[in-house]
Amino acid sequence: MAFRGKSLDRGLNAQPALEFRGVSYRINGSIILENLSFCIDPGRTLVLLGRSGSGKTTALKMVNGLLFPSSGQVLVESRATSDWDLIQLRRSIGYVIQEVGLFPHFTIGENVGLVPRLNGWTPHRITARVAELLHQVGLDPVRFLNRYPRELSGGQRQRVGVARALAAEPKLLLFDEPFGALDPVTRVELQDQFLELRDRLQITSIFVTHDVREALRLCSEIALLHRGKLEILAKPADFMDCQGPEARAFLSTL
Amino acid sequence: MIPPYLWQEIAQLTGEHFVLVLVSMAIAAGAGLPLGILLTRRASLRTPLLGFANVMQTIPSLALFGFLIPIPFIGGIGKRTAIFALVLYALLPILRNTLAGILGVDRAVRESAIAMGMTGRQLLWEVELPLAAPTILAGIRIATVTTIGTATIAAAIGGGGLGVFIFRGIASVDSTQILAGAIPAALLALLSDGGFSWIERRFSVV
């Protein structure tokens with residue numbers, strides 16, 4: 001229970017939006033995650049930082065029930081993911097991945113409007129929402145609505161990916177190295193957009209990255225994972241002073 | 001010149017041939033598609049089912065038709081036996097392409113669909129099948145063209161079709177009769193191939 005209750009700046013009665021409680025994950029005898037515990041308060045952004053294979057993506061996939069802990073619990077709004085109706089849980093969590101994963105046979109409008117449609121919104125409401133979202137992520141709805149993903153650049157596609165994740169007013173946002181495949185200029189543009197959207201919408205987010213610069217820019221708190229264990233959970237200013245070897249290794253890349 | 005009575009028989013046997021192929025393909029696709037989808041969900045069934053379809057494919061067609069004759073219910077002389085054999089042959093390309101098409105859907109696309117809260121049914125109908133459609137259709141196309149050829153052997157066990165001309169022509173050393181069976185069969189194959197390629201272009205989703 002190493003990091004139990006270590007979430008920072010907790011209000012006395014605030015209930016965490018998300019909690020990992022002693023989460024371990026083993027597959028074929030190897031340990032991917034070991035006794036991971038932390039909380040995220042509503043509206044904050046936790047960045048999971050770590051090398052490839054440190055278990056950060058695995059941890060992320062446990063939030064929307066793509067994976068389940070071998071032991072321990074992941075609690076979304078104080079309810080274990082195993083007790084949620086998975087379909088409902090996933091429709092209330094936005095998910096953005098590096099490969100974007102837009103549906104190639106859907107137009108941009110259909111891609112963005114998917115979760116609202118699955119949730120049974122009226123076509124009129126979906127159309128309005130899609131236009132609003134495309135506008136928010138900096139794409140002109142008139143130009144992009146009826147185009148297909150293959151006609152867009154990598155940066156534009158990821159903007160659509162973000163719009164799709166936001167579409168049904170999710171209570172949580174998950175980002176798995178979303179800007180990793182983009183050129184440095186586009187990456188910074190999208191990071192700025194993320195910050196702007198986050199400050200405006202106040203949605204609790206988890207952001208996975210191996211880029212310490214990106215981590216420091218976007219986070220409210222940083223969780224450093226090393227070989228499946230939580231090494232450090234700190235605010236960015238405190239993270240800069242951390243002395244552990246893994247933290248030093250990451251900070252030396254700055 | 002081709003005598004008029006032959007024209008009439010060509011028309012009749014071509015029609016028979018067409019029905020033979022159509023019924024066989026309808027059954028093969030009707031069974032192969034759901035089975036192929038099942039194989040994408042149950043990896044443990046892949047080896048036995050594909051193995052069975054593979055073995056069927058390796059049995060020489062004349063021998064398979066012959067084997068089926070003494071078997072009760074599915075066997076005997078006539079169309080039913082012929083259709084059963086043709087279905088067995090058509091199954092492999094349909095099964096294999098359905099499996100390959102669905103497993104070939106981009107991992108990130110499938111993961112997104114699941115993560116966005118699609119049910120298993122929505123994933124299948126809205127994502128996997130539309131994206132796998134070109135591959136599945138290619139399998140049905142190959143199976144159809146092959147079946148049109150193989151169906152000529154149905155005549156050997158009383159299944160009718162254009163094979164009637166061919167077997168009669170061989171027995172009586174009459175090349176007109178052989179061609180009267182072979183040419184319409186070849187045309188039928190070309191036409192259906194062209195038809196499928198039109199469908200592929202018309203309904204290409206990506």
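A residue is counted as buried if 20 or more other C-beta atoms lie within 10 Å of its own. The model shown in these views is predicted.

**Figure 1. Overview of chain B, a chain with eight helices and zero strands.** Of the 206 residues of chain B, 37% count as buried. Read along the sequence, the elements of this chain follow the pattern α-α-α-α-α-α-α-α. The C-alpha trace of chain B spans about 65 × 40 × 20 Å along its principal axes. Among contacts in chain B between residues at least 6 apart in sequence, 71% join residues that are at least 24 apart.

**Figure 2. Close-up of the pair formed by helix α4 (residues 79-103) and helix α6 (residues 120-150) of chain B.** Two packed helices are described by the angle between their axes and the distance between those axes. Here the axes of α4(B) and α6(B) come within 8 Å and cross at roughly 160°. The two helices, α4(B) and α6(B), are therefore roughly antiparallel. The crossing in which α4(B) passes α6(B) is right-handed. On the α4(B) side, the residues that make the contact include Leu86(B), Tyr89(B), Ala90(B), Pro93(B), Ile94(B) and Asn97(B). On the α6(B) side, they include Ala132(B), Ile136(B), Gly139(B), Ile140(B), Ala143(B) and Thr147(B).

**Figure 3. Close-up of Ser61(B) in helix α3 (residues 61-68) of chain B.** Ser61(B) counts as buried because it has 20 C-beta neighbours inside 10 Å. Not counting residues up to four places away in sequence, Ser61(B) touches Tyr89(B), Thr150(B) and Ile153(B). Tyr89(B) and Thr150(B) also take part in the contact between α4(B) and α6(B). Ser61(B) and Ile170(B) are 109 residues apart in sequence, and their C-alpha atoms are 18 Å apart in space.

**Figure 4. Close-up of helix α5 (residues 107-115) of chain B and its surroundings.** Ser112(B), Ala113(B), Ile114(B) and Ala115(B) of α5(B) are buried. The cover over the buried residues of α5(B) includes elements from chain A, namely α2 (86-91) and β6, together with α6 of chain B. Following α5(B) is Gly117(B), which has a positive phi near 95°.

**Figure 5. The open six-stranded sheet of chain A, with mixed pairing.** Strands of a sheet pair through backbone hydrogen bonds, either parallel or antiparallel. The strand order in this sheet is β6-β7-β8-β3-β9-β10. At its edges are β6 (93-97) and β10 (229-234) of chain A, each of which pairs on one side only. From one strand to the next, the twist averages 15°. Helix α7 (residues 154-166) of chain A packs on the sheet and touches β6 and β7 of chain A. The direction of α7(A) makes about 165° with that of β6(A).

**Figure 6. Close-up of strand β8 (residues 204-209) of chain A, a strand largely enclosed by the rest of the structure.** Six of the six residues of β8(A) are buried, so the strand is largely enclosed. Both faces of β8(A) are covered, with Thr204(A), Ile206(A) and Val208(A) buried on one side and Ser205(A), Phe207(A) and Thr209(A) buried on the other. Strand β3 (residues 45-49) of chain A pairs with β8(A) in the parallel sense over five bridges. In this pairing, Leu48(A) stands opposite Val208(A). Strand β7 (residues 172-176) of chain A also pairs with β8(A) in the parallel sense, over five bridges. Phe175(A) stands opposite Phe207(A) in β8(A). Between β7(A) and β8(A) the chain passes through helix α8 (residues 184-201) of chain A, in a right-handed β-α-β crossover. Asp176(A) stands opposite Val208(A).

**Figure 7. The open four-stranded sheet of chain A, with antiparallel pairing.** The strand order is β2-β1-β4-β5. The edges are formed by β2 (30-40) and β5 (79-80) of chain A, each with a single partner strand, so one side of each is left without a neighbour in the sheet. Strand β1 (residues 18-27) of chain A runs antiparallel to β2(A), and seven bridges join the two. Ile27(A) stands opposite Ser30(A) in β2(A).

Notes. Residues numbered from 1 in each chain as written. Chains lettered and ligands numbered in written order. Predicted model: local features only at pLDDT ≥ 70, side-chain atom pairs only at ≥ 80, totals over all residues. Buried ≥ 20, exposed ≤ 12 C-beta atoms within 10 Å, placed from the backbone. Pairing = 2+ DSSP bridges. Right-handed = clockwise from strand over helix to strand, strands pointing away. Axes fitted to C-alpha atoms, helices over the stretch in contact; angles between N-to-C directions. Parallel < 35°, antiparallel > 145°, perpendicular 65-115°, else oblique. Left-handed = near helix turned anticlockwise from the far one by under 90°. Contact = placed C-beta atoms within 7 Å.
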